[in-house]
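This report is written for a reader who has not met the structure before. Please keep the sequence and the model at hand while reading.

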Amino acid sequence: MKNRRNVAIVLLPLLLAIGVGAGIFIGRYITTRTMTPKQEKLKMILSLIESDYVDKLDIDSLIETTFPELLTSLDPHSAYIPAEELQTVNDDLSGSFSGVGVSFQVINDTVQVIEVVAGGPAEKVGILPGDRIIYADTISLTGKDISSQDVFKTLRGEKGSTVVLTIKRFGQKKNIVYDVVRGDIPVNSVDVSYMLNENVGYVKVTKFSRNTYMEFFNALNDLRQQGADSFIIDLRGNSGGFMDQAIFMANEFLPAGRLIVYTRGRKMENEYMAMSDGRGNFQDYPIVVLTNESSASASEIFAGAIQDNDRGLIIGRRTFGKGLVQNQTELPDSSAIRLTVARYYTPSGRSIQKEFKRGEIDKYEMDIVDRYSHGEFYNADSIKFDKEKVFQTTNGRKVYGGGGIMPDIFVPEDTTGFTSYYMSVANQGLIPKYAISVSDEYREKLGNDRSIENLNRILPPDQLLLENFVAYAVKNGVPARWYYITKSRDLLISQLKAVIARDVLGYPAFIELLNENDNAVLNALDQLREGHSPVNILNQEESEETDSIFSE
């Protein structure tokens, strides 16, 4: 009997998964067509489990637990979204959500406000960067068990609803209480745009939401008005989103009649081809696109369109390799499924999707780890091309399929300064903790001049800043080992300044300071300064009789 019960436990998820599959894919026909013997069989099995199984079971609950397993068994990106998570998932890409209008971080067991959305509910009542949120209504937001998800649940809510926030502010002895009426908060996908020098504009796109194209277009126009005649577009860490936004962005740079992307699926309704219309406002502006292993989906559509049309350079590291298109369908109980309905292809015909085998999701998810262990993050020679998947760009350059967009110029991950001392303070989160401990002091000294230049003036000299941090680390259990500290000096100082700037001035200042020592950004600036383009790369390839700018 025990063995039989074990078999039942093993088979139950499979049977339920089959039932769920039948429900999803043929459920709409069951009411109008005679059930097949297999469907009748499944119905009988579920009925027997519900009526005769030794323990009383909630069949609905059991079926619910099989949805994720069923969808992920199809491919790595089809997914089931429970009803309680759907709103949060949609908010991230919808362009706005209802909340109080702050960005925050949880550190030292406390929620600290990093930025306040201009014109948002929090700003209207007087909440400031640097404030600590102690309570939301009667819910404590302090302690070691507090998570970012807990904070989201308390700060977000129905538009027009009120949340009472208790704030602890530097220099104030008593806590401050604010009644905040939640309102629409924009979800920015272009977090940073600024002039890197007199003529190069930089735009960082962090996701592809409903409003990304308009944010991107406005950022380019603003930079052009400031004197930009070329652009660096940073898609590193951008995991994607809505495909149409990437198409609109690519269209800005391409002449008329150029293929941007196309899709292929089982149904004609899921097949699509996007061509440029020649109305782009930046067709003659040199561009460089930065990518890494976390650039995925819509990021790869944009990068692939730019590369295959020889419109600009791709610099950085190989992208993630997600080339599957999902349609989201909301179910009657307000849950949803994202089902893969097509694959997308770059103009040269490349499928960006990296290989996967059904049922081997763990191996697929370990791909990035495998790249790291094989040395791909640090050495172009570690990247192995599939010689059977060779394609050509508009100008005849060879590019490769088989998983992700290969950059035109490889820039390894920078590990300069990675010593045992640096890893110790980084793993304990001491850099952001130290930054928070001093940010109030510098925020007060800034006064009305909230600029990076002014912050740099009031920060202590680099060596003193480093010594102050080392002393802080000693108090937190990391001994001062000056041989390794000296090796990590530049990295530590750069990160300390950037994180302090983030806490005092906001996220754009953080990126701006990090970019000063970012090898990919510096390489992109060099390429633009020297007038390099995909045509130069083609000529170099032909003269060196190689297939790519990479060494192999």
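The cover over the buried residues of helix α18 includes β10 (190-195), β11 (200-205), α14 (452-458), α17 and α19 (519-529), where contact means heavy atoms within 4.5 Å. The buried residues of α18 are Ala509, Phe510, Ile511, Leu513 and Asn515; a residue is buried under 20% relative accessible area, exposed over 50% and partly exposed in between, with a 1.4 Å probe and protein chains only. Helices (H or I, at least four residues) and strands (E, at least two) are DSSP runs numbered from the N terminus.

This is a predicted model, in which local features need pLDDT of at least 70 and side-chain atom pairs count only at pLDDT 80 or more, while totals for chains, interfaces and linings use all residues. Residues are numbered from 1 along each chain as its sequence is written, and side-chain values use heavy atoms, with hydrogens and water left out.

One of the elements covering α18, helix α17, also packs against α18 as a pair. The axes of α17 (residues 489-505) and α18 (residues 507-515), lines fitted to C-alpha atoms over the stretch in contact, come within 6 Å and cross at roughly 160°. The two helices are therefore roughly antiparallel to each other, a term for angles over 145 degrees on a scale from 0 to 180 between N-to-C directions. Their crossing is right-handed, that is, the near helix is turned clockwise from the far one by less than a right angle. On the α17 side the contact is made by Ser494, Lys497, Ala498, Val499, Ala501, Arg502 and Leu505, and on the α18 side by Tyr507, Ala509, Phe510, Leu513 and Leu514. These residues divide into 9 nonpolar, 1 polar and 2 charged. Ala, Val, Leu, Ile, Met, Phe, Trp, Tyr, Cys and Pro count as nonpolar, Asp, Glu, Lys and Arg as charged, and the others, Gly among them, as polar.

Two loop residues other than glycine have a positive phi.

| Residue | Phi | Loop | Relative accessible area |
|---|---|---|---|
| Ser297 | near 55° | between β15 (287-291) and α9 (298-308) | 9%, buried |
| Asp310 | about 50° | between α9 and β16 (313-316) | 10%, buried |

For the chain as a whole, there are 20 helices and 21 strands. Of its 552 residues, 47% count as buried. Among contacts with a separation of 6 or more, 70% join residues 24 or more positions apart.

Note on methods:
Angles under 35 degrees count as roughly parallel, over 145 as roughly antiparallel, 65 to 115 as roughly perpendicular and the rest as oblique.
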